[in-house]
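Trainee: Could you take me through one part of this structure slowly, the aromatic side chains and the helices that carry them? I would like to see how that part sits in the rest of the chain.

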Amino acid sequence: MDYTAFDLMVDVGLISVLLIVGTFMRRHFAWFRKLLIPAPITAGLLALLLGPEVLGIMPFSGALGDYSTLLIAVVFAAMPYSMSFDSRDISKAKNMWSYSASMFLGQWGLFVLLGVFLFAPVFGTEDWFGMMLPVGFVGGFGTAAAVGGALDSIGIQEASSLGFTAATVGTLAAIVGGIIFANWGIKTGRTATLPKKLPWELRSGEITKKSEQPSIGHATTNPSSIDPLALHLGFIMVTVTIAYFIQQAIQHQFANVSIPLFALSFVVGIGGKIFLKVIRRPEYLDPTTVKSISGASTDFLIAFGIASIVPAAVADYLWPLVVMFVLGVVYCTLFFFVASPIFFGEKWLERGIFGWGWATAAVATGIALLKIVDPKLESGALDEYGIAYVGYAPIEIAVNILAPLAVIAGFTMGFGAITTVAAIVIFAIPFVLGWLPKRDGSAQS
């Protein structure tokens with residue numbers, strides 16, 4: 001049956017019901033308040049349980065994964081219109097770039113080599129097996145589909161199932177571990193935006209006093225011309241649409257090149273902000289309203305992303321998968337506790353939580369966990385990642401393209417060695433160039 005606008009209505013309606021249920025559970029159940037579980041995570045887990053992959057009670061369509069792709073593009077398209085690009089932000093983004101790129105390349109390189117030198121001789125798996133960890137963890141479901149599909153085309157039919165299994169386990173590890181780390185950070189006073197003793201409004205998620213309810217935006221146009229919300233949403237959607245056309249044009253010219261839509265949306269958004277400055281209308285869009293739209297998109301993408309998990313089980317690879325997943329969690333944990341404080345100084349927890357989320361699952365999961373310790377996204381972690389992604393995106397794209405080609409060409413070990421060396425070099429750059437913050441949070445001279 002063809003997908004229709006009414007399928008969209010049902011999907012959004014059902015996930016909205018679960019979002020409301022998640023809000024109710026956070027408000028009325030102590031366990032949810034204690035763990036500070038955001039309503040979108042609760043909604044996503046309920047949708048996964050009640051959806052077609054498990055109990056089959058809720059009639060979701062097969063487009064759940066596509067919603068997350070579009071919504072994360074909306075989030076990144078909105079960023080440039082609500083952020084500044086002063087020297088302070090760019091300076092901090094350099095550390096975020098080095099941190100992100102070295103974590104990404106390190107995960108790929110290390111586990112590709114483990115696939116060759118550990119899993120193949122000990123468990124009898126193929127040389128490419130270790131690649132499935134970064135495909136599912138730092139890559140996520142999109143990379144699992146892309147790399148798995150490329151390997152399927154040369155007869156490695158189990159690659160997609162293993163990739164989706166890794167993405168599923170990575171997502172669950174991200175949520176469980178992220179919530180544990182977030183609560184540890186809050187209780188030990190390591191967050192920059194939350195007090196050690198949390199107020200009722202934050203624990204319950206409900207702001208009952210009207211005097212304390214913040215504005216979600218300001219009008220920059222008269223409704224007689226266009227409603228302000230319609231203008232802001234329209235501007236963001238134009239940004240995403242232009243990015244989509246660019247993506248399709250690139251894929252038409254280069255069939256094997258796939259650039260993430262959210263990355264292009266961010267770049268086009270920068271162009272949109274420059275355009276507003278050129279026409280001398282830099283305040284045409286209200287940053288608070290833009291952030292409200294971005295925040296709403298984030299909540300829905302988290303719920304849809306978790307709901308779209310495919311809990312594939314690959315019995316023939318059970319034990320090597322268990323070992324690989326344990327090692328993957330250890331790798332990401334070490335980066336969280338060791339590398340994050342070094343790269344980000346006193347305000348490392350928010351950035352470390354975000355990094356943990358996307359290193360084990362996806363950017364959307366990182367945003368979900370970041371909102372636990374930084375509900376208003378005031379730490380600047382997401383803005384820094386957006387700026388850093390401009391320099392990090394080519395690395396991610398190149399690896400996603402070259403990884404299956406390396407397997408096809410029989411260059412798996414060489415690919416693992418090159419990415420490992422690149423990770424070490426990029427990790428060392430802030431030490432050599434003096435980018436690292438001192439204990440007071442300032443950069444080294």
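Mentor: Happy to; we will start with the whole chain, move to the aromatic rings, and then follow the helices outwards. Please keep in mind that this is a predicted model.

The chain holds 17 helices and zero strands. Of its 445 residues, 50% are buried. Take the contacts between residues at least 6 apart in sequence: 77% of them join residues at least 24 apart.

Now to the rings. The aromatic pairs come to 36. One of them is formed by Phe-335 and Phe-427, which meet edge-to-face, with 6.1 Å from centre to centre and 85° between the planes. Phe-335 belongs to helix α13 (residues 318-344) and Phe-427 to helix α17 (residues 412-433), so this pair ties together parts that are 92 residues apart in sequence. Their surroundings can be put in words too: Phe-335 is buried, at a relative accessible area of 10%, whereas Phe-427 is partly exposed, at 26%.

A second pair, Trp-358 with Tyr-392, has ring centres 5.9 Å apart and planes at 45°, so it counts as tilted. Trp-358 sits in helix α14 (residues 348-360) and Tyr-392 in helix α16 (residues 381-408), and the pair therefore ties together parts that are 34 residues apart in sequence. Both Trp-358 and Tyr-392 are buried.

This tilted pair also has a place in a wider group. Trp-358 and Tyr-392 belong to a cluster linked by ring pairs, together with Phe-76, Phe-104, Trp-108, Phe-354, Tyr-385, Tyr-389 and Phe-415.

A good residue from which to look at that cluster is Val-363. Val-363 is located in helix α15 (residues 363-373), and its relative accessibility of 11% makes it buried, because the limit for that class is under 20%. Setting aside neighbours within four places in sequence, Val-363 is in contact with Phe-76, Phe-354, Trp-358 and Tyr-385, and also with Ile-72 and Phe-262. The names Phe-76, Phe-354, Trp-358 and Tyr-385 appear in the ring cluster as well. Val-363 also has a partner by C-alpha distance: its C-alpha atom and that of Gly-140 are separated by 8.8 Å, although the two residues are 223 apart along the chain.

Let us stay with α14, the helix of Trp-358, and look at its packing. Helix α8 (residues 159-187) packs with α14 at an angle of about 170°, their axes 8 Å apart. With that angle, α8 is roughly antiparallel to α14, and the crossing of the two is right-handed. On the α8 side, the contact is made by Gly-170, Thr-171, Ala-173, Ala-174, Gly-177, Gly-178, Phe-181, Ala-182, Trp-184 and Gly-185. On the α14 side, the residues are Trp-348, Leu-349, Ile-353, Trp-356, Gly-357 and Thr-360. By class, the residues of this contact divide into nine nonpolar, seven polar and no charged.

Another packing to look at involves helix α4 (residues 64-78), whose axis comes within 9 Å of that of helix α10 (residues 228-253) and crosses it at roughly 110°. The two helices are therefore roughly perpendicular to each other, and α4 passes α10 in a right-handed crossing. From α4, the contact uses Ala-73, Val-74, Ala-77 and Ala-78. From α10, Ile-236, Met-237, Thr-239 and Val-240 take part. The residues here divide into seven nonpolar, one polar and no charged.

Finally, two residues from loops make a useful contrast with the helices. Gln-213 is found in the loop between α9 (200-204) and α10. Its relative accessible area is 40%, so Gln-213 is partly exposed. Not counting residues up to four places away in sequence, Gln-213 touches Ile-207 and Thr-208. Arg-280 lies in the loop between α11 (261-278) and α12 (287-307), and at 73% relative accessibility it counts as exposed. Its backbone deserves a glance as well: phi of Arg-280 is near 60°, a positive value in a residue other than glycine.

How values were computed: Residues numbered from 1 in each chain as written. Predicted model: local features only at pLDDT ≥ 70, side-chain atom pairs only at ≥ 80, totals over all residues. Heavy atoms only, no water. Phe/Tyr/Trp six-rings, centres within 6.5 Å; stacked < 30°, edge-to-face > 60°. Helix = DSSP H or I, 4+ residues; strand = E, 2+ residues; numbered from the N terminus. Buried < 20%, exposed > 50% of the residue type's maximum accessible area, 1.4 Å probe, protein only. Axes fitted to C-alpha atoms, helices over the stretch in contact; angles between N-to-C directions. Parallel < 35°, antiparallel > 145°, perpendicular 65-115°, else oblique. Left-handed = near helix turned anticlockwise from the far one by under 90°. Contact = heavy atoms within 4.5 Å. Nonpolar A, V, L, I, M, F, W, Y, C, P; charged D, E, K, R; others polar.
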